[in-house]
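These are my notebook entries on one structure, written down in the order in which I looked things up. I begin with one pair of strands and work outwards from there.

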Amino acid sequence: MNRLTELKKRFDEILNSQNFNESELDYQIADKHLELIKQFDSINTGALSVFDLNKKEHIYSSPKFNSIFGWDMARLAEEGVEYSDSLIHPEDLLFLMEAGCYFASIGFSISTERRANIKMYVDYRMKIRNDEYFRVVEQHSILESDKNGNVWLSLSTLDLSPYNDIDTPLTSRMIDVNTGQLYEFPTQNLGKKNILTMREKEILELISKGLISKQIADKLYISVNTVNTHRQRIIEKLDVSNTFEAVRFASDLGILPGASSK
């Protein structure tokens, strides 16, 4: 399995970690969003799209993908993301998938309330019209979550980037517009693969299996206080808010045994 295939599989796994009850999804809500988006699309400079994470498909793709970027809309409808991926610079496509896994893992691990304030920006190279590469900038945000907190509808805006340095690879960042907290990719976080000690990795693996501090202490023949100290150090080293986020983040980075390595 090559790296890109591995990353696409990992990204699908992250998306599939959400459990939707389709009978509880009110698609009249989606229709209302689409009505407003189509109106906004007529005056927006970029091309808008809406992705349904329950159906795993785009339920709206702006005609501007053709008028601005020269996309073949028939191929887009037939091939979906396989077609749009074929237009992305090969180097950036790999980074794009890595960034997608990284940010999706973080985004799904934070609270529903915080997710509403999250926006992701990606600046990368894409073929436009005559097979020439141009820089584009894409913004992602959450349009709607279901009543159980699953991310249901996401909104994307694709526009020409104000920076057209074709030799510069992808840059990506995610920001909480309410707190200003910034996550960047590529990032020093990739160096965190080896930041945890063997004992911390061992404890984090047991946490991932659902063990509480007392059970971990008994299993490793250490005190509960020592376990809790390790838990706090893990949170601080990985720069996350709690051990749930730490497990998700560490799994995505390949820190936990059995997790796919990046």
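**Entry 1: a pair of strands.** I looked first at strand 3 (residues 118–128) and strand 4 (residues 132–145), which pair in the antiparallel sense over 10 bridges. Strands (E, at least two residues) and helices (H or I, at least four) are DSSP runs, numbered from the N terminus, and two strands pair if DSSP finds at least two bridges between them. Within this pair I noted that lysine 127 has tyrosine 133 of strand 4 as its bridge partner.

I must keep in mind that the model is predicted, so that local features need pLDDT of at least 70 and side-chain atom pairs count only at pLDDT 80 or more, while totals for chains, interfaces and linings use all residues. Residues are numbered from 1 along each chain as its sequence is written, and side-chain values use heavy atoms, with hydrogens and water left out.

**Entry 2: the whole sheet.** I then followed the pairing outwards and found seven strands in an open sheet, in the order 2-1-5-4-3-6-7, with antiparallel pairing. Strand 2 (57–61) and strand 7 (182–185) stand at the edges with a single partner strand each, so one side of each has no neighbour in the sheet. From one strand to the next, the twist averages 25°.

**Entry 3: helices on the sheet.** Helix 2 (residues 27–41) packs on the sheet and touches strand 1 (47–52), strand 2, strand 4 and strand 5 (151–160), and its direction makes about 170° with that of strand 1. Contact here means heavy atoms within 4.5 Å, and axes are lines fitted to C-alpha atoms, for helices over the stretch in contact, with angles from 0 to 180 degrees between N-to-C directions. Helix 6 (residues 90–109) lies across strands 3, 4, 5, 6 (171–176) and 7, and runs at about 150° to strand 7.

**Entry 4: strand 5 and the hairpins.** I asked how many of the 10 residues of strand 5 are buried. Eight of them are, so strand 5 is largely enclosed by the rest of the structure; buried means under 20% relative accessible area, exposed over 50%, and partly exposed in between (1.4 Å probe, protein chains only). Strand 5 runs antiparallel to strand 1, with six bridges, and antiparallel to strand 4, with nine bridges. Phenylalanine 51 stands opposite serine 154 in strand 5, and serine 145 has valine 151 as its bridge partner there. In the hairpin of strand 4 and strand 5, with five residues between the strands, glycine 149 takes a positive phi near 90°. Strand 1 and strand 2 pair over four bridges, again in the antiparallel sense, and in their hairpin, with four residues between the strands, lysine 56 takes a positive phi near 60°.

**Entry 5: a charged residue inside.** Glutamate 138 belongs to strand 4, and I wanted to know which side chain of opposite charge is nearest to glutamate 138. It is arginine 135, 12 Å away, and glutamate 138 is buried yet has no salt bridge. (Lys and Arg count as positive and Asp and Glu as negative; His and the chain ends are not counted.) A salt bridge is a side-chain nitrogen of Lys or Arg within 4 Å of a carboxyl oxygen of Asp or Glu. The side chain of glutamate 138 does make a polar contact of 2.8 Å with that of serine 156; such a contact is a pair of N or O atoms within 3.5 Å, where within protein one must be able to donate a hydrogen and the other to accept it, and residues adjacent in sequence count only if both atoms are side-chain atoms.

**Entry 6: salt bridges.** The count comes to 14 salt bridges. Lysine 8 forms one with glutamate 82, the closest N and O atoms being 3.9 Å apart; lysine 8 lies in helix 1 (residues 3–16) and glutamate 82 in helix 5 (residues 81–86), so the pair ties together parts 74 residues apart in sequence. Lysine 8 also forms a salt bridge with aspartate 85, at 3.6 Å between the closest N and O atoms. Aspartate 85 counts as buried at 15% relative accessibility. Glutamate 245 and arginine 114 meet in a salt bridge as well (4.0 Å, N to O), and since glutamate 245 lies in helix 11 (residues 243–253) and arginine 114 in helix 7 (residues 112–115), the pair ties together parts 131 residues apart in sequence. I closed with the network in which salt bridges that share partners join Lys8, Glu82 and Asp85.
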